[in-house]
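Please work through the exercises below with the sequence and the coordinates open beside you, and try each task before reading its solution.

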Amino acid sequence: MREPAFWHRQSSWISLLLTPLGALYGLVTGRRLQREGFDAGIPVLCVGNYHVGGAGKTPAVLALTKVLRDLGETPVVLSRGYGGRLQGPIKVDPERHAAVDVGDEPLMLARTVPVVVARDRIGGVALARSQGASVIVMDDGFQNPAIAKDASLIVIDGARGLGNGRVFPAGPLRAPLPPQLARTDALIVVGDGSAAESVTVAIAAMGRLVLSAHLRADDAPVALLRGRRVLAFAGIGDPARFFRMLPTYGIEVVLERAFADHHPFSESQIETLIAEAKRDALTLVTTEKDLARLRKAGGLPCWAKDIVPFAVTLEFDSAAKLQMFVSERLFRAREKKYR
């Protein structure tokens, strides 16, 4: 879906009109958060958001799996597989599956780390354990009580924050903020800006960890695109952030095309973008997540092979703090499970 503009305005008659629905939705989700979850038998670390839309969650999942591997762990990512048709539980195979099967984020992640997609998260735990997982990383699912979490790491964009701070559909929050804050073990603030300051202060006041991180472009796409004129397109939670990032690496964005998050591109839409780019002698560039949705079983179709994916990595200002936090949480989880 495309985020409505009023979600990011503090005063809007549409938001006020939808506030009663938001209160009802918040009541249901708030109560749901109180439920006891299933004990997976191995540590479960959840990476989530307080709100719908993008904030850097997928790069955070990849960064967390790297930390776990550095600690000698065998992480398996568990995802609901948003946008995919398969119910699961199933292990994602990038050579056999497409985004229409398992969702774009699982397909993208599966090129780096084993990923299990399952609508029934408990069934997904069983499959992850059968794959030799020593720890499960939940990609999203913070508001879902099905699985008990040993630590929840919440990602928030420093520039966007929580929009108008209201609960869906009056605003972007998935549940009332206080119970979400209470269940937050670590907050990851991505990028600069002061929009997340109130949340940062609240988490720090509870004695929880606050980490600062920034998205850094990988060397290969920067080397390929620096100095070039491009047509940038994206169907992610915050396309504008992607468009703003490109010029910081010396890439001239001549045209921008924004689509709704998880937009299912058709061949004709891509052909239109290719024609626009050729007309103005531009290079087509998009995000890794968007490129994942263009992949068919077996790889990219020929009509998409000239599109450059702009890969990014989430880098923490203090990687040592993250590693220490993860190590401590794993120790606590195992001490509790084996007691």
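The exercises that follow concern a predicted model, and each task is followed by a stepwise solution.

**Exercise 1. The nine-stranded sheet**

Task: Determine the strand order of the open sheet of nine strands, and work out which strands stand at the edges.

Solution. Step 1: reading across the open sheet gives the order β3-β4-β2-β5-β1-β6-β7-β8-β13, and the pairing is mixed. Step 2: β3 (90-91) and β13 (312-316) each have a single partner strand, so they stand at the edges and one side of each is left without a neighbour in the sheet. Step 3: as a check on one pair inside this order, strand β1 (residues 44-48) and strand β6 (residues 151-157) run parallel and are linked by four bridges, and within β6 the residue opposite valine 47 is leucine 153.

**Exercise 2. The surroundings of β2**

Task: For strand β2 (residues 75-79), establish how many residues are buried, and identify the bridge partners of leucine 78 in β5 and in β4.

Solution. Step 1: a residue counts as buried when its relative accessible area is under 20%. Step 2: by this criterion five of the five residues of β2 are buried, so the strand is largely enclosed by the rest of the structure. Step 3: in a regular strand the side chains alternate between the two faces of the sheet. The two faces of β2 can therefore be listed separately, with Pro75, Val77 and Ser79 on one side and Val76 and Leu78 on the other, and both faces are covered. Step 4: β2 is joined to strand β5 (residues 135-139) by five bridges in the parallel sense, and to strand β4 (residues 115-117) by three bridges, also parallel. Step 5: leucine 78 accordingly has a partner in each of these strands, namely methionine 138 in β5 and valine 116 in β4.

**Exercise 3. Backbone geometry in the loops**

Task: Find out where the cis peptide bond before proline 169 lies, and decide whether histidine 262 and alanine 281, which both have a positive phi, are buried or exposed.

Solution. Step 1: most residues other than glycine have a negative phi, and most peptide bonds are trans. Step 2: the peptide bond between phenylalanine 168 and proline 169 is cis, with an omega of about 5°, and proline 169 belongs to the loop between β6 and α6 (177-182). Step 3: histidine 262 has a phi of about 65° and sits in the loop between β10 (252-258) and α10 (267-279); its relative accessibility is 18%, so histidine 262 counts as buried. Step 4: alanine 281 has a phi of about 55° and lies in the loop between α10 and β11 (283-287); here the relative accessibility is 63%, so alanine 281 counts as exposed.

**Exercise 4. Two residues of helix α1**

Task: Classify threonine 29 and leucine 24 as buried or exposed, and describe what surrounds or adjoins each of them.

Solution. Step 1: threonine 29 is part of helix α1 (residues 13-32), and because its relative accessible area is 11%, threonine 29 is buried. Step 2: when residues up to four places away in sequence are not counted, threonine 29 touches Arg174, Ala175 and Pro176. Step 3: leucine 24 is also found in helix α1, but its relative accessibility of 52% means that leucine 24 counts as exposed. Step 4: Leu24, together with Leu27 and Val28, makes a nonpolar surface patch of about 290 Å².

**Exercise 5. The four-stranded sheet and α10**

Task: Give the strand order of the open sheet of four strands, and state which strands α10 lies across.

Solution. Step 1: the order is β10-β9-β11-β12, with parallel pairing. Step 2: β10 and β12 (308-310) each have a single partner strand, so they form the edges and one side of each is left without a neighbour in the sheet. Step 3: on average, neighbouring strands of this sheet are turned by 30° against each other, direction ignored. Step 4: strand β9 (residues 229-234) pairs with β10 in the parallel sense over six bridges, and phenylalanine 233 stands opposite arginine 257 in β10. Step 5: α10 lies across β9, β10 and β11, and runs at about 160° to β9.

Note on methods: Residues are numbered from 1 along each chain as its sequence is written. This is a predicted model: local features need pLDDT of at least 70, side-chain atom pairs count only at pLDDT 80 or more; totals for chains, interfaces and linings use all residues. Side-chain values use heavy atoms; hydrogens and water are left out. Two strands pair if DSSP finds at least two bridges between them. Buried means under 20% relative accessible area, exposed over 50%, partly exposed in between (1.4 Å probe, protein chains only). Contact means heavy atoms within 4.5 Å. Patches are made of residues with over 30% relative accessible area and no salt bridge: like charges are joined within 9 Å, nonpolar side chains (Val, Leu, Ile, Met, Phe, Trp, Tyr) within 5 Å. Accessible areas come from the Shrake-Rupley method with a 1.4 Å probe; for residues, only the protein chains shown count as cover. A salt bridge is a side-chain nitrogen of Lys or Arg within 4 Å of a carboxyl oxygen of Asp or Glu. Axes are lines fitted to C-alpha atoms, for helices over the stretch in contact, and angles run from 0 to 180 degrees between N-to-C directions.
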